[in-house]
Each structure stands twice: as structure tokens, then as C-alpha cells.
Amino acid sequence: MTQKVIEYPIYRVTMPDAWDISYVLDSTVHAYLSGRDRTDLELCHVVMSWSEDPGDPSEKLIETKNINGFPIQLWVKYWAYIAVTDPDSVSQEDARAMTEMQSGGTVDYDRLVAQIKQGDTSGLTAIDEYLRTHVAITAAPQS
């Protein structure tokens, strides 16, 4: 699998080449990663922040890395969960496509949706694992 590297002054993000930067905000270096075909939907985002996981089941703080004294966090939005709990906000087709990209195809979308409808969100951990493995946050090289 080919990788794409996006560098900022403090950190770099390595991600699957099929993903692309959707947009970058102000000097706090927020990087929103989105699939090339779905630039309007967020796969995950990397941000410099001390934020804590708010407990919203539709999104999650996956990890925080200390890079040169700065907290760099990886967050995910669970589109399958959103499709079940707020179906007017995303189509099943888009949620399926986003879940496929977020999990690298390791998640059976229909099975995951059925689990979520039963109140079982344990299947979302496969997305966390895929992102931890395929989105690397490291220190940027210092010149």
C-alpha cells in the first residue's frame, strides 16, 4: 500500500495514499483527512489539542501523541453509527463508503449496522485499529 506524507512544522501525518487532505485550518494546524471521492465527509482528523473524549458515541479520540511537548490527537467519526442514529445526516451509501475507507475493508458494514441497531458498538473498534495502524503521527524533521 502506498503512503502519503503531510508535514507540518511540529509533526507529520502518514496516511493511505487513497486519502487526501480536505482542508487545513489556521495556525493551530488542524488536518482533516478525507477520501478523494468524498471530500465533504471526514474520515478522521489530526489536531494539536489537549481535548478529552467528550463521550459522544459518533466520534472518538483514538490516541494522543506527545510530539516535542505538543499533544497531537487522532480523532474518528463513525459514519455507520451516525447512519443508524441520525439517518437524515448521511446516506447509507455515503456511510458505507466512509466505513469502507476508515476500516480498509476490514468491517462488514451491514453486520456493523445491525450490531449498532442492537446497541452493540464493539464492532467500531476495528476502525480504531485500522486507523492506529495506517495513520501515523510522528515528529517532523527539524532543520
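**Note on helix H2 and its surroundings**

1. Read along the sequence, the pattern of the chain is β-β-β-β-β-β-β-α-α-α-α-β. That gives four helices and eight strands. The model is a predicted one, and the points below should be read with that in mind.

2. The chain has 143 residues, and 45% of them are buried. Among contacts with a separation of 6 or more, 48% join residues that are 24 or more positions apart.

3. Helix H2 covers residues 92–103. Its length can be checked: at 1.5 Å a residue, the twelve residues of H2 should span 16 Å, and the C-alpha atoms at its ends are 16 Å apart, so the two values agree. After H2 comes glycine 104, which has a positive phi, near 60°.

4. Which residues of H2 are buried? They are Asp94, Ala95, Met98, Thr99, Gln102 and Ser103. Viewed down the axis of H2, the buried residues fall within an arc of 145°, so they line one face of the helix.

5. Threonine 99 is a useful residue to look at in H2. Its relative accessibility is 1%, and the cut-off for buried is under 20%, so threonine 99 counts as buried. Leaving aside residues up to four places away in sequence, threonine 99 touches Trp79, Ala80, Val107, Tyr109, Leu112 and Ile127.

6. One of those partners, Ile127, leads to helix H4, as both Thr99 and Ile127 take part in the contact between H2 and H4. How do the two helices lie relative to each other? The axes of H2 and H4 (residues 125–134) come within 7 Å and cross at roughly 50°. An angle of that kind is neither under 35 degrees nor in the range 65 to 115, so H2 and H4 are oblique to each other.

7. On the H2 side, the contact is made by Thr99, Met101, Gln102 and Ser103; on the H4 side, by Ile127, Tyr130 and Leu131. Sorted by class, the contact has four nonpolar residues, three polar ones and no charged ones.

8. Serine 122 sits in the loop between helix H3 (109–117) and H4. Is serine 122 buried, exposed or partly exposed? Its relative accessible area is 41%, and values between 20% and 50% count as partly exposed, so serine 122 belongs to that class. Serine 122 and leucine 112 are ten residues apart in sequence, and their C-alpha atoms are 8.8 Å apart in space. Leucine 112 is also one of the residues that threonine 99 touches.

Notes: Residues numbered from 1 in each chain as written. Predicted model: local features only at pLDDT ≥ 70, side-chain atom pairs only at ≥ 80, totals over all residues. Heavy atoms only, no water. Buried < 20%, exposed > 50% of the residue type's maximum accessible area, 1.4 Å probe, protein only. Contact = heavy atoms within 4.5 Å. Axes fitted to C-alpha atoms, helices over the stretch in contact; angles between N-to-C directions. Parallel < 35°, antiparallel > 145°, perpendicular 65-115°, else oblique. Nonpolar A, V, L, I, M, F, W, Y, C, P; charged D, E, K, R; others polar. Expected span 1.5 Å × (residues − 1). Arc of directions from axis to C-beta.
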